[in-house]
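Reader: I'm new to this one, so could you pick a single part and walk me through it up close? I'd like to see how it links up with whatever sits around it.

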Amino acid sequence: MSEAFLTLADTLVEDFDPLSLFQRLVDHCAGLLDVEAVGVMMIDALGRLRTTAASSEEADFLEVLQLQKNSGPCVDSYHEQRQISVPDLSAERERWPEVADAALAAGFASVHTVPLRLHEHVVGAVNLLRTGRGPLAAEDQHLAQALADATMLALMQWSAEKHPRGEIVMRLQSVIAAKSALEIAKGMIVEYADVSFSTAARMLRDYATEQGVRLIDAVHGLVNSELAPAAVAAGSGNSTSP
């Protein structure tokens with residue numbers, strides 16, 4: 001558990017990578033908590049919720065669906081600025097009809113959410129999906145909130161001082177922009193290598209690790225045609241224009 005918080009703190013360096021920060025959040029939640037999938041959404045500069053990271057394609061789809069319908073536990077968690085526990089999704093069909101049905105169809109039976117917050121500001125929420133019915137254990141609820149809080153503090157460079165809302169929004173927008181670029185880069189890998197989006201994401205992470213570069217730099221290399229999709233698909237090699 002302590003290693004999880006240390007890896008979040010590892011992002012507090014000059015070459016900060018917002019993509020890695022929120023991917024670590026979902027990975028730690030998926031690995032440490034009694035959950036099967038995790039998704040994160042945050043507001044952009046205009047105050048609109050956007051998907052930020054997900055542990056699986058199913059979790060990502062459910063985040064997008066909630067945004068499209070403006071309905072669901074993660075959306076409510078943000079607006080109500082509190083944790084939301086849903087021990088049995090089948091009992092919430094009237095509250096979130098399409099979202100609940102989609103989650104159940106994907107094999108999830110319960111969900112718990114925690115808000116993404118920094119001091120008095122709530123800027124998003126974390127969706128914790130489970131295949132079994134019943135509430136998330138209290139210790140897991142506390143740990144999930146602690147990981148979410150640590151991630152937001154890392155984003156703001158672990159400062160104990162309160163930040164003006166404009167600065168917070170600027171940091172959040174950098175994450176949203178990075179996520180948008182990641183989706184474009186994944187699409188390029190999918191088209192080139194004929195793989196799924198989740199496989200494309202893994203290939204990008206593996207390439208960045210093997211080359212010793214930030215994930216966001218690999219993403220920008222692809223989007224700016226400075227890195228060939230073939231190099232990422234191969235897992236190694238020099239950056240060349242396609």
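Author: Let's start with one pair of residues: Val 38 has Leu 128, in β5, as its bridge partner. Keep in mind that this is a predicted model, where local features need pLDDT of at least 70 and side-chain atom pairs count only at pLDDT 80 or more, while totals for chains, interfaces and linings use all residues. Numbering starts from 1 along each chain as its sequence is written, and side-chain values use heavy atoms, with hydrogens and water left out.

That pair belongs to a bigger picture: β1 (residues 37-43) and β5 (residues 121-130) run antiparallel, joined by 6 bridges. Strands are DSSP runs of E, at least two residues long, and helices are runs of H or I, at least four, numbered from the N terminus. Two strands pair if DSSP finds at least two bridges between them.

Now step back to the whole sheet. It's an open one with 5 strands, in the order β2-β1-β5-β4-β3, and the pairing is antiparallel. At the edges you'll find β2 (49-54) and β3 (84-86), each pairing on one side only. From one strand to the next, the twist averages 20 degrees. Packed on this sheet is helix α4 (residues 73-80), which touches β1, β2, β3, β4 (110-118) and β5, and its direction makes about 150 degrees with that of β5. Contact here means heavy atoms within 4.5 Å, and angles run from 0 to 180 degrees between N-to-C directions, with axes fitted to C-alpha atoms, for helices over the stretch in contact.

On its other side, β1 runs antiparallel to β2, with 5 bridges between them. One of the partners is Arg 50 in β2, which bridges to Met 42. Although β2 is an edge strand, it's mostly covered, with 5 of its 6 residues buried (under 20% relative accessible area; over 50% is exposed, in between is partly exposed; 1.4 Å probe, protein chains only).

β1 and β2 form a hairpin with 5 residues between them, and Gly 47 in the turn has a positive phi of about 80 degrees. Gly 47 is partly exposed because its relative accessible area is 39%. Look across from there: Gln 173 is 126 residues away from Gly 47 in sequence, yet their C-alphas are 10.0 Å apart in space.

Next, the loops on either side of α4. Between α3 and α4 sits Asn 70, a residue other than glycine with a positive phi, near 50 degrees. Asn 70 is exposed, as its relative accessible area is 55%. In the loop between α4 and β3 you'll find Gln 81, which isn't a glycine either but has a positive phi of about 55 degrees.

Follow the chain back from Asn 70 and you reach α3 (residues 57-69), which packs with α5 (residues 97-105) at an angle of about 170 degrees, their axes 10 Å apart. That makes α3 roughly antiparallel to α5 (the cut-offs: under 35 degrees roughly parallel, over 145 roughly antiparallel, 65 to 115 roughly perpendicular, the rest oblique). Phe 61, Leu 62, Leu 65, Gln 66 and Lys 69 on the α3 side meet Glu 98, Val 99, Ala 102 and Ala 103 on the α5 side.

To place all this in the chain: there are 10 helices and 5 strands, and 49% of the 242 residues are buried.
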